[in-house]
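Trainee: Please pick one part of this model and take me through it closely. I would like to see how it sits among its neighbours.

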Amino acid sequence: MGVLWTYCVFLLAWCCCCCFGLGRANKCDEVRKVFQLRQIGPNQLLPSSPRPGPDLQVCMSKNLTCCTKKMEERYQLAARRDIQNILQTSSSSLKFLISRNVAAFQETFEVLMRHAENHTNSVLQESYHIMADQAVGSVRELFTDIGLFLLGSELNVDELVQRFFDALFPLVYNHLINPGLSDISPSYAECVRSLSREVRPFGGAPVLLADQIARSGVSGKLLLQALHLGIEVINTTDHLQLSRECRRALLKMHYCPHCQGLTQSKPCMGYCLNVMRGCLASMAEIDIHWREFVRSLEGLSARMHGPQDLEQVLLGVHMLIRDAVSHAQKNGPRLSAQVHKLCGPPSRKLAQSVGIQHSSSRESIPLKALAKVSGDSLAVRRRDFLNSLRLYRTYYGGLADQLCGGELASGDGLSCWNGTEIVKSYTLRVVGNGIKAQSANPEVKVKGADPVINQIIDKLKHINQLLQGKSIPKLGSLDQIETGSGDTEGRYSGDCDDEDGCSGSGGGEFKRKVSRVSKLSPDVTGDHKHHHRHHHHPPAEDSKVVGRSRSFRLTGAIWVLVLPCLHLALTW
């Protein structure tokens, strides 16, 4: 009987150890599956069975663990990758909204330019058919220069407009003021051209047109540059370099539960808010300036009417040119005398067989209605864009809450991870947004303001002043707003340690016909990145021994065999 009793005791001890050991192995198997599924690292890094973890630096536990130091390092990289994917995914719709409208505004500008050019040529054909064909090149150059100016080139508007009227004067003189049997010679035409600014054949038309283009053009140009800066802000925050404290906190929140076999657990809401508000503290400082940025864009759009309405100005160029030519005709005798005095009598080419006459039967090019020439007008595009952008005015202020409330944190009433264990609720204080509030953050230590975020805030302050009309932009100043005084390419924000691998650029280029216009806008229609989405499952709970059987008493020798197995089961 004693032998049988001893055999039963050994059998019981063996079963306990095997069963609990199998439970541990199963939990590590689940960790292995997730580790492989998320491509965190090679499976060789995982231990074959639970082990003590004295070498772990963040995921420390008094229990046995399925993690090694190498795994912890890989988990930290994965946590950083995950949060950057989450940031890029959360901002993708905002970035696409701005980028799409930058392209739409640019396309509208180009369509307006082509239509205004074609309509100007049509008006000249109808009103001054005899010189219209020779004016086509000058008209094309004028609108090409205006387009380059609007899209960011550093052109002098007064000069490009005056250059057009300089080229127009010899044509007006040759065909309308002092016509002859043949055209004036090239040398005489050049002399006439050189007198344009002195004799002012077109009155105040050059000054008026230059003023209208400058006023409306600066508004349109400022709108484009502001939107490019908006994209730069998003690029900067999408590629935020996380501090060491933040990386450790993210590791602890996302992957330390895996070390205990809790691969389906999610952080408590309060815990997630503390970690994310700490990591994104500098980004929250953008909030007030981003809100003002949206309001300032609305203010600029409201002022873009009348002399500042680019569409209206461009579609009125043909009338101003027609009136300018008419003014020169009316002052023909005076202009002819001045040219004769300064250039001498007209020098003409050999007589041509075709006489020059003002034919009343000339072919007329029909003029189509000007309205809606480019699909939706600029005003309609601006209105629709700003209505959509207004929905994102609080984006940076509520980003941490949006991320935790979206899918990072556990739902209400569910068990959750508090950084140490699975609990019913998070009991520590939850801090607010912004750098000042982080002094009381129990999860993440924030050292201070991020210098790269401060730089982008300075750019927002500057563009807001320009948008509000508090500061008049000088030539080239808008490009400086875009790119800043220093070269920040390849730089990230946050603390940069040797282990950070701080290299690479925050984004590519948004390529345009005028390359200098946009140095900031990356892959505007690129694929939206998605990160791993965790399904909402309640966390797996550790098995516990509820009670002990009292049906029979064991001897001291039996307890010596059974207790180690029970101890391992209880601690796991």
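Mentor: We start from helix 2, follow its partners, then turn to a second region for comparison.

This is a predicted model: local features need pLDDT of at least 70, side-chain atom pairs count only at pLDDT 80 or more, and totals for chains, interfaces and linings use all residues. Numbering runs from 1 along each chain as its sequence is written, and side-chain values rest on heavy atoms, without hydrogens or water.

First, the setting. The protein has 20 helices and two strands. These elements are DSSP runs numbered from the N terminus (helices H or I, at least four residues; strands E, at least two). Of the 572 residues, 49% are buried (under 20% relative accessible area with a 1.4 Å probe, protein chains only; exposed is over 50%, partly exposed in between). Among contacts (heavy atoms within 4.5 Å) with a separation of 6 or more, 82% join residues 24 or more positions apart.

Now the rings. A search of the whole structure gives 11 aromatic pairs. One of them joins F35 and Y75: their ring centres are 5.5 Å apart and the planes stand at 90 degrees, so this pair is edge-to-face. Rings of Phe, Tyr and Trp (its six-membered ring) pair with centres within 6.5 Å; planes under 30 degrees apart are stacked, over 60 edge-to-face, the rest tilted. F35 belongs to helix 1 (residues 2-37) and Y75 to helix 2 (residues 69-127), so the pair ties together parts 40 residues apart in sequence. F35 is buried, at 0% relative accessibility. Y75 is buried too, at 0%.

Further along, helix 2 meets helix 7 (residues 205-238). Their axes come within 9 Å and cross at roughly 165 degrees. Axes are lines fitted to C-alpha atoms over the stretch in contact, with angles from 0 to 180 degrees between N-to-C directions. That makes the two helices roughly antiparallel (over 145 degrees; under 35 is roughly parallel, 65 to 115 roughly perpendicular, the rest oblique). The crossing is left-handed (near helix turned anticlockwise from the far one by less than a right angle; clockwise is right-handed). Helix 2 contributes residues including L87, L94, I98, V102, F105 and F109. Helix 7 brings L223, L224, L227, I231 and I234, among others. By class, the contact holds 11 nonpolar, nine polar and two charged residues (Ala, Val, Leu, Ile, Met, Phe, Trp, Tyr, Cys and Pro are nonpolar; Asp, Glu, Lys and Arg charged; the others, Gly among them, polar).

Helix 2 also helps to cover helix 10 (residues 269-279). In helix 10, 10 of the 11 residues are buried. They include Y271, L273, N274, M276 and R277. The cover also includes helix 8 (244-254), helix 11 (281-284), helix 17 (399-408) and strand 1 (416-417).

For the second region, take helix 4 (residues 157-177) and helix 5 (residues 186-194). They pack at about 120 degrees, with axes 8 Å apart. They are therefore oblique to each other. Their crossing is right-handed. D166, A167, F169, P170 and Y173 of helix 4 face Y188, A189, V192 and R193 of helix 5 in the contact. Seven of these residues are nonpolar, none polar and two charged. F169 also belongs to a cluster that ring pairs form with F164, F165 and F202.

Last, D145 in helix 3 (residues 129-150). At 11% relative accessibility, D145 is buried. Leaving out residues up to four places away in sequence, D145 touches L155, L160 and R163.
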